[in-house]
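This report describes how selected helices pack against one another and what lines the largest pocket. The sequence and the structure are shown first.

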Amino acid sequence: MPWDPIRLNSGYYIPSIAFGTWTLGNGQGSIDQVEQALDTGFNHIDTAQAYRNESETGTALRESGLSRSDVFVTTKHSGLNGLDIPTSIQNSLSNLGVEYVDLYLIHHPRLAVPDIPTVWAQMEKVREAGLAKSIGVSNFDAKDLAVLLASAKVKPAVNQILLHPYVYSRQRPILEYAAANGIVIEAYSTLTPITNMPGGPLDKPLNEIATKLGATTDQILFAWVKAKGAVVVTTSSKKSRLEGYLAAGDIVLSEEDVAAIDAAGELGEEGACVRRKWVGAAVLGVGVSAGLCRYLDVL
């Protein structure tokens, strides 16, 4: 299935679809779900301090029987318990039971305290120490990236952002800035138009394209992300859906298909942002919620 790996500016390659642990919670259930994803064929696991399931992810990795080099592991500095980056990365490695992660991200620009250049310098030291092969950011807009690049010795390898057709128009400057600077985009919450916002302008083109290609609407959304050159970060508790997500790598959308999805997404953009205001609280806590909403221009 051609979810081809993408070369990062660090020289390493990132699998272009990831299983994310954001919504899994913790305990045995989350271990089972990560193990199921690995067994299904996912070789990229995306977790974070704030998800509070790094330990479960580590248990699943060990119990899978896979070698460390077989799985691309991403985690994020989420400012949990007010810990700094040098402490956070050591805690994450201990929780995951690994000597390094493949990708380490700053979860949100509001966590860059006292400022982005200072915190990015700490991230560069993480990479220099071999604790992360690549480093990057999440939820940074183009202005944040410009501030970072002005003093960076090492460019961020990725920027993981909210990306689906209903927010594409406002996120497009981030994609364009990232492309101009060799930064790969990772997309989360891509299925929002069909899981949280059914009945919108996207329903018609998604259903028509899915019928034409013999696919499902979730597969079409993932193919759309792939067409934008981004990495998909997704999740499901159902093995059949995970298999479908991997199979979506075989789907190639025409330029007309992509344009139809873009146009319908722009029609539903305003409602999408208003209905996504909970994201900040869910991921990083209430204190960051307002900041993420402003990031999406909904406050």
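## Helix packing and the largest pocket

In this predicted model, Leu206, Asn207, Ile209, Ala210 and Leu213 of helix H8 are in contact with Thr217, Ile220 and Leu221 of helix H9. By class, the residues of this H8 and H9 contact comprise six nonpolar, two polar and no charged. The two helices, H8 and H9, pack at an angle of about 95°, and their axes lie 9 Å apart. An angle from 65 to 115 degrees counts as roughly perpendicular, so H8 is roughly perpendicular to H9.

Helix H8 (residues 203-213) also packs against helix H11 (residues 255-267), here at an angle of about 160° with 9 Å between the axes. H8 and H11 are therefore roughly antiparallel to each other, and H8 passes H11 in a left-handed crossing. On the H8 side the contact involves Pro205, Leu206, Ile209, Lys212 and Leu213, which meet Asp257, Ala260, Ile261 and Ala264 of H11. Seven nonpolar, no polar and two charged residues make up the contact of H8 with H11.

Helix H9 packs against H11 as well, at an angle of about 105° and with the axes 11 Å apart. H9 and H11 are therefore roughly perpendicular to each other. Their contact is formed by Ile220, Trp224 and Ala227 of H9 together with Val258, Ile261 and Asp262 of H11. Five nonpolar, no polar and one charged residues take part in the contact of H9 with H11.

The table sets out the geometry of the helix pairs.

| Helix pair | Angle | Distance between axes |
|---|---|---|
| H8 and H9 | about 95° | 9 Å |
| H8 and H11 | about 160° | 9 Å |
| H9 and H11 | about 105° | 11 Å |

The report now turns to the pocket. The largest pocket has a volume of about 520 Å³. It is lined by 30 residues, of which Thr23, Ser189, Leu191, Thr234 and Thr235 are the closest to its centre. Two or more lining residues come from each of helix H7 (192-195), helix H9 (217-227), strand E10 (231-234) and helix H10 (239-247). H7 gives the most to the lining of the largest pocket, with three residues. By class, the lining holds ten nonpolar, 15 polar and five charged residues.

Helix H9 thus appears in both parts of this account: H9 packs against H8 and H11, and H9 is among the elements that give two or more residues to the pocket lining.

Terms used. Residues numbered from 1 in each chain as written. Predicted model: local features only at pLDDT ≥ 70, side-chain atom pairs only at ≥ 80, totals over all residues. Heavy atoms only, no water. 1 Å grid on protein atoms, 1.4 Å probe; cavity = no way out; pocket = protein on both sides within 12 Å on 5 of 7 lines; lining within 4 Å. Points joined across faces, edges and corners; volume = space filled by probe spheres on them. Helix = DSSP H or I, 4+ residues; strand = E, 2+ residues; numbered from the N terminus. Nonpolar A, V, L, I, M, F, W, Y, C, P; charged D, E, K, R; others polar. Axes fitted to C-alpha atoms, helices over the stretch in contact; angles between N-to-C directions. Parallel < 35°, antiparallel > 145°, perpendicular 65-115°, else oblique. Left-handed = near helix turned anticlockwise from the far one by under 90°. Contact = heavy atoms within 4.5 Å.
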